[in-house]
Amino acid sequence: MSAEEIYNLLKENFGNAILEIVSNVPTEPIISVEPLQINVISQFLRDSNELQFDNLMNLSGVDDNNATKTTNEDGSVSSQGGTLSVFYHLDSFSLKHKITLKTSTNRDVPEVESVTNIWYSANWHEREAFDMFGINFLNHPDLRRILMPYDWEGFPLRKDYENPEFYEGMKIPY
Amino acid sequence: MALKTEEMILNMGPQHPSTHGVLRLELVLDGEVVHDVKPHIGYLHRCMEKHSEAMTYSQVVPYTDRMDYLASMYNNFGYVGAVEKLMDIKVPERVEYIRVIMGELQRIASHLVALGTFGLDLGAFTPFLYLFRDREKILDLFEITCGARLLYNYMWVGGLSHDIHPDFVRKTKEFINYFRPTVVELNNLLTFNKIFIERTANIGVCPAKEAINLGLSGPNLRGSGVKFDLRKNDTYSIYDRFDFEIPVGEGLVGTVGDCWDRYYVRVQEVEQSLRIIEQAIDQIPDGDVSKEIPRRVKPPVGTVYHRVEAPKGELGYFIVSDGSVNPARVKVRAPSFVSLSAIGQMAKGYLVADVVAILGSLDIVLGEIDR
Amino acid sequence: MQNYLIEIFGSEIVAYILATVPVLAFIVVFVLFAVWLERKVSAHMQDRLGPMRVGWHGVLQTLADFLKLLQKEDIVASANDKALFNIAPYVVFVTTLITYTMLPFTSIFIGSNADVGIYFVLAFSGAVVAGILMAGWASNNKYSLYGSLRSAAQIVSYEIPTALVVLTMIMLYGTLSLGDITTAQTSQFWNWGIFGGPVLGIGKILLVPFMFVAFIILFISTLAESNRTPFDLPESESELVAGFNTEYSGIKFSMFFLSEFANMFLIGAILVIFFFGGYNSPFGYLGNLLGIEWLIPIEQLFWFLTKGMFFVFVDMWLRWTLPRVRVDQLMTICWKYLIPYAFFNLLIVGLILLI
């Protein structure tokens with residue numbers, strides 16, 4: 001099935017949770033969905049007969065870098081708004097088609113539903129997205145940092161990330 | 001009155017002769033039976049993805065080398081494939097052929113390390129040295145091509161960094177003739193050894209459906225009986241011109257999906273890689289390998305997800321471009337990352353000594369797990 | 001030999017003490033040689049060279065290593081049980097050494113020709129378990145504890161097939177004393193144990209297959225007793241980082257090491273004495289041919305050492321070829337396979353001897 005057909009099928013079943021499809025940008029068409037509905041949508045994607053997406057190839061967080069930046073009186077730049085996105089790349093072994101999903105949530109309180117109970121491989125990918133971006137995955141069985149030390153502060157891959165001064169008494173920028 | 005027993009937590013700590021890198025495994029044990037395995041990673045995290053956002057697209061290539069340092073050519077292959085897909089560059093035929101040959105030689109080298117260290121974990125010291133002796137010959141071939149033995153920075157966006165040496169074709173053919181009997185020797189020494197079979201058959205069984213759900217790929221998935229190889233099922237580069245087979249685990253000496261199957265799939269893949277190299281080495285067309293390399297790599301706005309069949313599994317690159325010379329996001333989907341997350345489910349109910357065998361059969365390398 | 005020394009010194013105690021000096025000297029020299037041999041054997045099997053620089057082709061390497069170990073700091077962690085930690089390596093070493101007194105090196109030299117020869121050897125090679133358990137417990141380290149528990153289980157279980165096969169051979173020879181067993185197998189090599197022993201006539205052809213089975217069972221069990229691959233779980237390098245040896249350094253570590261090699265020669269010697277004629281030569285002695293009397297004990301020593309070293313070499317060969325066996329498989333081999341076979345072997349040999 002092509003991306004448009006999948007989009008139409010999802011739109012029939014989930015209505016407003018499916019936001020839009022962007023297909024004129026290289027290289028793949030992307031379907032945007034609501035972050036808090038991603039679990040039921042994924043369940044449908046995996047279990048329905050026409051789709052059968054049984055393999056989650058990749059799950060990655062992306063900082064969209066679309067915050068509005070304002071320069072204050074003292075010259076410092078502050079940013080407001082902006083979104084963090086999570087991209088899902090799905091693949092089907094039996095029907096041999098692929099699709100890309102995208103959900104976006106705001107930077108201040110980023111919350112996305114977890115899909116670990118549907119595809120187990122999402123477990124560590126979501127932990128990494130939490131570790132690097134601070135996206136809180138609801139109903140994840142074990143959400144804690146994975147690559148950075150467990151008591152690190154800050155989310156490294158965000159565009160406005162700055163290294164903290166000290167970590168456990170050691171000065172960081174040397 | 002029942003005897004009060006507690007579960008013991010044993011740490012196979014970051015420094016350990018048999019965990020393949022700095023990995024901490026927390027084992028929850030009841031005597032010698034494992035109830036749970038919790039891996040702790042991050043000891044080798046080098047912030048590659050954050051660095052990539054500050055580099056240009058071509059400067060990221062050496063960073064990709066260092067992820068899976070035992071299979072650097074394939075990491076390069078995946079990355080430049082992704083960027084070329086995004087920029088819609090068509091590389092010359094010669095470049096494609098050489099990339100395939102280098103990739104398959106690298107696959108053999110990586111599998112030799114995997115097989116050797118697997119035997120070493122189980123106490124068979126000698127096959128490790130025999131396989132490393134043969135791997136030295138492959139590294140010699142790489143050295144005459146690009147000067148490096150382990151981290152090559154060979155495949156660039158749009159072409160290659162150096163053309164192959166005039167002696168390369170002859171030496172590769174010599175290597176193929178030398179190496180074919182060695183696989184037979186390895187089979188006699190280790191693969192069908194009764195003690196080895198006792199240690200690995202029926203251990204760490206992963207049925208096909210569970211393997212797909214856990215996200216396993218590459219030899220781990222094929223060892224569970226799923227016939228899926230990206231070189232045939234989702235072809236990239238020029239793999240569709242070559243004739244080779246996909247070995248699948250069949251449970252020859254045990255159940256389908258045990259450690260022995262995953263090991264034997266790798267042994268058979270080495271032979272298939274030799275076939276591909278044989279076919280490709282005779283067909284290399286002439287041309288210029290650096291003709292298509294763009295002066296400035298500036299892809300259009302967009303995203304790409306490109307996956308290749310690395311020796312350890314499905315290596316995927318997800319690149320988000322915002323139109324500038326630096327990538328906005330490079331996410332590497334490392335195969336060992338997903339394989340290691342599966343060990344918790346695969347090792348339940350086995351003994352401590354089996355955890356080492358299961359870890360060895362998954363063939364992980366910490367460089368690409370931690371990036 | 002003791003009598004000769006008593007003549008010289010006139011005092012029994014001095015004579016007996018001096019009689020053990022050659023044995024001790026032999027063990028030390030043998031261990032130095034065996035470590036070098038193991039490194040060379042393993043190297044050549046793995047297509048490399050091994051130690052080449054120290055001395056001719058590296059023969060002095062072991063001496064250099066030993067000198068280095070002597071100079072190392074003797075680390076005793078504060079949480080260890082000091083008394084046990086300190087005694088454990090010496091217990092292991094002493095129990096292995098004591099068994100050497102029973103071995104007949106030549107016809108005139110045997111440490112002690114006691115009537116309970118082989119039982120003494122078995123008892124003390126089993127007593128090494130105490131030393132290993134002490135080492136594992138006193139190290140205050142989970143890995144060492146695991147290693148020593150596995151080792152204790154292994155040694156104690158494999159005592160049983162060993163004892164059963166030894167019983168079989170004792171039935172054949174009719175005596176427990178090792179010196180007497182060896183003198184019983186003289187003059188021609190078809191008097192050797194593996195071909196049925198000296199007692200019977202031509203009917204011992206029947207015994208030969210059972211002797212082979214007994215030999216194989218004894219070989220495997222003694223290999224397991226001395227913690228060598230494929231049964232080297234207690235010191236499995238890739239799982240437990242040297243097992244119960246982990247916390248030891250310097251002299252104490254070298255004690256463990258030495259006792260392992262001494263044990264290897266011991267089991268080679270036991271196999272040779274029971275099945276291959278001890279110090280007897282297969283063809284007769286040059287001394288007899290030339291009429292020189294004192295050449296004969298030297299030749300016997302030569303034959304004893306050669307046959308023992310051959311089994312040590314086979315041990316090393318196996319170590320570098322086979323992978324390791326898992327704990328429960330090790331127990332399975334012992335209890336489900338070796339013990340029933342050894343037992344039936346015993347019964348059948350007994351029947352044949354009666355008839």
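In this predicted model, B:C206 is buried, its relative accessible area being 0%. The cysteine B:C206 takes part in no disulfide, and the nearest cysteine sulfur, which belongs to B:C259, is 10 Å away; because a disulfide requires two cysteine sulfur atoms within 2.5 Å, this pair does not qualify. A search extended to the whole structure likewise returns zero disulfides over all chains. In chain C, the cysteine C:C334 also counts as buried, at 0% relative accessibility, and C:C334 is among the members of a core of 77 residues that also includes C:V166, C:L207 and C:F275.

That core lies apart from the largest nonpolar core, which has 161 residues and in which A:Y88, B:I41 and B:Y154 are the residues with the most contacts inside it. Helix α4 of chain B, spanning residues 93-122, supplies the largest share of the 161-residue core, namely 13 residues. When neighbours within four places in sequence are left aside, B:Y154 is in contact with B:M73, B:N76, B:I98, B:M102, B:T145 and B:C146, and also with B:L160, B:S161, B:H162, B:D163 and B:I164. In soluble globular proteins, nonpolar side chains tend to be buried together.

With regard to the arrangement of the chains, two pairs are in contact, and of these chains A and B share the most contacts. Chain A and chain C, by contrast, are joined by no contact, and the closest C-alpha atoms of these two chains lie 25 Å apart.

Internal voids were examined next. Rolling a probe the size of a water molecule over the atoms shows where empty space is left. The count comes to seven cavities of 30 Å³ or more, and the largest cavity has a volume of about 140 Å³. The lining of the largest cavity consists of 14 residues, among which C:L122, C:S125, C:T222, C:E225 and C:I267 lie nearest its centre. Two or more lining residues are given by each of four elements of chain C, which are α5 (117-138), α6 (142-173), α8 (208-225) and α10 (251-275). Of the elements contributing to this lining, α5(C) provides the largest share, with five residues. By residue class, the lining of the largest cavity divides into nine nonpolar residues, four polar residues and one charged residue.

How values were computed: Residues are numbered from 1 along each chain as its sequence is written. Chains are lettered from A and ligands numbered from 1 in the order in which they are written. This is a predicted model: local features need pLDDT of at least 70, side-chain atom pairs count only at pLDDT 80 or more; totals for chains, interfaces and linings use all residues. Side-chain values use heavy atoms; hydrogens and water are left out. Buried means under 20% relative accessible area, exposed over 50%, partly exposed in between (1.4 Å probe, protein chains only). On a 1 Å grid over the protein atoms alone, a cavity is a set of points where a 1.4 Å probe fits but cannot get out, and a pocket is an open set with protein on both sides within 12 Å along at least five of seven lines; lining residues have an atom within 4 Å of a point. Grid points are joined across faces, edges and corners, and a volume is the space filled by probe spheres set on the points. Ala, Val, Leu, Ile, Met, Phe, Trp, Tyr, Cys and Pro count as nonpolar, Asp, Glu, Lys and Arg as charged, and the others, Gly among them, as polar. Contact means heavy atoms within 4.5 Å. A nonpolar core is a set of buried Ala, Val, Leu, Ile, Met, Phe, Trp, Tyr and Cys residues joined through side-chain atoms within 4.5 Å.
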